[in-house]
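Trainee: Please take one strand and its surroundings and go through them closely. I would like the contacts, the ring pairs and the packing in one connected account.

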Amino acid sequence: MHIHISLVEQKLSLFDGNILLKTYSISSGLNGAGNKKDSGKTPLGNHLIRAKIGAGLPCGAVLIGRRWSGEILDRALQASAPDRDWVLSRILWLSGTERGVNRLGDCDTMQRYIYIHGTPDSEPMGVALSHGCIRMRNQDVIELFDRVQAFTPVQIDLK
């Protein structure tokens, strides 16, 4: 298995070898593509899934600091923090594999806390609006989470 993320198309594609299994609509960084710390940009290059967080949690589970808060997002909770960048349901925590590009120093994807994660259903997909992470619909990220393993390769590019 491997994942290809196209920032131009705002799509995540899951492959088994050369066979395309599924394509999902995503939302990447509002600030565009880039690997620098504190840029709010989505990192480019070769990555892997370093950690899977949230197995078995309910759809819409609110994750804070990679831990379940015990809450499930609803309209009232969302309205209480309208500007919050919600991390929901599952986290696939990415780690860069290219030293000096997306690993170590001021460009380290894992130290930047770049995830593939769920987001409220009210957030649009197919439009770059995140703070650098890859946002997905909750049902989609749960499905993807269940299909991949830790250390699955992830390529992020502009193609």
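Mentor: What follows starts from one strand and works outward to its neighbours.

This is a predicted model, in which local features need pLDDT of at least 70 and side-chain atom pairs count only at pLDDT 80 or more, while totals for chains, interfaces and linings use all residues. Residues are numbered from 1 along each chain as its sequence is written, and side-chain values use heavy atoms, with hydrogens and water left out.

The strand is β8, residues 115-119. Helices (H or I, at least four residues) and strands (E, at least two) are DSSP runs, numbered from the N terminus. β8 is mostly covered, with 5 of its 5 residues buried. Buried means under 20% relative accessible area, exposed over 50%, and partly exposed in between (1.4 Å probe, protein chains only).

β8 has strand partners in β7 and β9. Two strands pair if DSSP finds at least two bridges between them. β7 and β8 run antiparallel and are joined by 4 bridges; β8 and strand β9 (residues 134-137) run parallel, also with 4 bridges. Ile 116 takes part in bridges to both sides: Leu 92 has Ile 116 as its bridge partner in β8, and Ile 116 has Ile 134 as its partner in β9.

His 117 lies in β8 and is buried, with a relative accessible area of 0%. Leaving out residues up to four places away in sequence, His 117 touches Trp 86, Val 87, Leu 88, Arg 90, Ile 91, Cys 133, Ile 134, Arg 135, Met 136 and Val 141. Contact here means heavy atoms within 4.5 Å.

Cys 133, one of those contacts, is buried at 10% relative accessible area. Cys 133 is in no disulfide, and the nearest cysteine sulfur, that of Cys 107, is 16 Å away. A disulfide is a pair of cysteine sulfur atoms within 2.5 Å, and the count by this rule is 0. Because the two sulfurs are 16 Å apart, Cys 107 and Cys 133 are too far from each other for a bond. Cys 107 is also buried, with a relative accessible area of 5%.

Next come the aromatic rings. Rings of Phe, Tyr and Trp (its six-membered ring) pair if their centres lie within 6.5 Å; planes under 30 degrees apart count as stacked, over 60 as edge-to-face and the rest as tilted. This rule gives 2 aromatic pairs. Trp 93 and Tyr 113 are stacked, because their ring centres are 5.6 Å apart and their planes are at 25 degrees. That pair links distant parts of the chain, with Trp 93 in strand β7 (residues 88-96) and Tyr 113 in the loop between β7 and β8, 20 residues apart. Trp 93 counts as buried at 13% relative accessibility, whereas Tyr 113 is partly exposed, with a relative accessible area of 40%. Trp 93 also pairs edge-to-face with Tyr 115, at 5.9 Å centre to centre and 90 degrees between the planes. This second pair connects β7 to β8 across 22 residues, and both Trp 93 and Tyr 115 are buried. Trp 93, Tyr 113 and Tyr 115 are thus linked by ring pairs into a cluster.

Elsewhere in β7, Ser 89 has a positive phi near 70 degrees, although Ser 89 is a residue other than glycine. Ser 89 is buried, with a relative accessible area of 0%. Arg 90, another contact of His 117, has its charged end over the ring of Phe 145, 5.5 Å from the ring centre. Lys 52 lies over the face of Phe 145 as well, at 4.5 Å from the ring centre. A charge sits over a ring if NZ of Lys or CZ of Arg is within 6 Å of the ring centre and within 35 degrees of the ring normal.

Last is the packing. A nonpolar core is a set of buried Ala, Val, Leu, Ile, Met, Phe, Trp, Tyr and Cys residues joined through side-chain atoms within 4.5 Å. The largest one has 21 residues, and those touching the most other members are Ile 3, Ile 5, Leu 12, Ile 116, Met 136 and Leu 144. The elements giving two or more residues to this core are β1, β2, β7, β9, α2 (138-147) and β10 (153-157), and α2 gives the most, with 4 residues. Leu 144 is in contact with Ile 3, Leu 12, Leu 14, Tyr 24, Leu 92, Ile 116 and Met 136, leaving aside neighbours within four places in sequence. Apart from the largest core lies another, of 10 residues, including Ala 51, Ile 53, Leu 57 and Trp 93.
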